[in-house]
Amino acid sequence: MQLGEVAAAMPTIQKLMDSKVKAVTAFRLAKFAKQVEPHMESYDKIRQELLEKYGTKDESENEDGQVRYSFENGQAEKFSTELTTLLDEKIDLKIKKFKVSDFKDAELTPRDMLSLEWALTDK
């Protein structure tokens with residue numbers, strides 16, 4: 001599986017961590033989140049380093065308090081190329097796929113389900 005697949009699924013994984021699911025599903029979700037966490041921490045750290053390498057920090061923060069970066073003279077392309085390469089990196093997660101029915105009470109959107117497609121089975 002690719003790092004980008006996991007990164008794209010993080011909002012859904014976080015939503016599921018706060019959902020009411022059966023105990024066995026909650027246990028498996030917790031184990032899954034523990035496996036994913038170090039990969040995401042590394043990704044966030046490297047992404048931040050790339051932002052600082054290629055971008056210029058804007059003095060103003062956006063409405064949710066996050067720092068903005070601007071890119072000049074082709075730096076955005078360099079940032080994007082390196083970030084894409086990072087997101088294409090293969091990672092090894094040993095997970096037992098979840099059944100779609102495990103999340104029947106979790107109020108997930110079709111977009112949420114699509115982001116988790118690699119971790120789901122309908123059997």
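A nonpolar core, as I use the term here, is a set of buried Ala, Val, Leu, Ile, Met, Phe, Trp, Tyr and Cys residues joined through side-chain atoms within 4.5 Å. One caution before I go on: this is a predicted model.

Let me start with the core. The largest nonpolar core in this model has 30 residues. Which residues have the most contacts inside it? They are Val6, Leu16, Phe32, Val36, Met40, Tyr43 and Phe103. Helices H1, H2 and H3 each supply at least two residues of this core. The largest share is that of H2, with eight residues.

Take Val36 as one example from that list. If we set aside residues up to four places away in sequence, Val36 touches Val6, Met10 and Leu93.

Phe32 is on the list too, and it brings us to the aromatic residues. How many aromatic pairs does a search of the whole structure find? It finds four. In one of them, Phe32 pairs with Trp118, with 5.8 Å from centre to centre and 40° between the planes, and the pair is tilted. This pair links distant parts of the chain, since its members are 86 residues apart. Phe32 sits in helix H2, residues 23-54, while Trp118 is in the loop between helix H4, residues 110-115, and strand S4, residues 120-121.

Are these two residues buried or exposed? Phe32 has a relative accessible area of 3%, so it is buried. Trp118 has 13% relative accessibility and therefore also counts as buried, because the cut-off for buried is under 20%.

Phe32 and Trp118 also belong to one aromatic cluster, together with Phe98 and Phe103. Phe98 has a charged neighbour: Arg28 lies over the face of its ring, at 4.4 Å from the ring centre.

Next, helix H3, residues 75-87. H3 has 13 residues and reaches 18 Å from its first C-alpha to its last, close to the 18 Å expected at 1.5 Å a residue. Which residues of H3 are buried? They are Gln75, Phe79, Leu83 and Leu86. These buried residues cover an arc of only 60° around the axis, so they are on the same side of H3. On the other side of H3, Glu77 and Thr81 are exposed. As for what covers the buried residues of H3, H1 and H2 are included.

H1 itself spans residues 3-17, and Thr12 is one of its residues. Thr12 is buried, with a relative accessible area of 3%. What is Thr12 in contact with, leaving aside its neighbours within four places in sequence? The contacts are Leu108, Asp112, Ser115 and Leu116.

Last, two backbone points. Asn73 is not a glycine, yet it has a positive phi of about 50°. Asn73 is located in the loop between strand S2, residues 67-70, and H3. With a relative accessible area of 76%, Asn73 is exposed.

The second is Glu107, a residue other than glycine whose phi is also positive, near 55°. Glu107 lies in the loop between strand S3, residues 98-99, and H4. Glu107 is exposed as well, at a relative accessible area of 70%.

To sum up: the largest nonpolar core draws its largest share from H2, Phe32 in H2 pairs with Trp118 across distant parts of the chain, and H3 has its buried residues on the same side. That is what I have.

Notes. Residues are numbered from 1 along each chain as its sequence is written. This is a predicted model: local features need pLDDT of at least 70, side-chain atom pairs count only at pLDDT 80 or more; totals for chains, interfaces and linings use all residues. Side-chain values use heavy atoms; hydrogens and water are left out. Rings of Phe, Tyr and Trp (its six-membered ring) pair if their centres lie within 6.5 Å; planes under 30 degrees apart count as stacked, over 60 as edge-to-face and the rest as tilted. Helices (H or I, at least four residues) and strands (E, at least two) are DSSP runs, numbered from the N terminus. Buried means under 20% relative accessible area, exposed over 50%, partly exposed in between (1.4 Å probe, protein chains only). A charge sits over a ring if NZ of Lys or CZ of Arg is within 6 Å of the ring centre and within 35 degrees of the ring normal. Contact means heavy atoms within 4.5 Å. The expected span of a helix is 1.5 Å times one less than its number of residues. The arc is that of the directions from the helix axis to the C-beta atoms.
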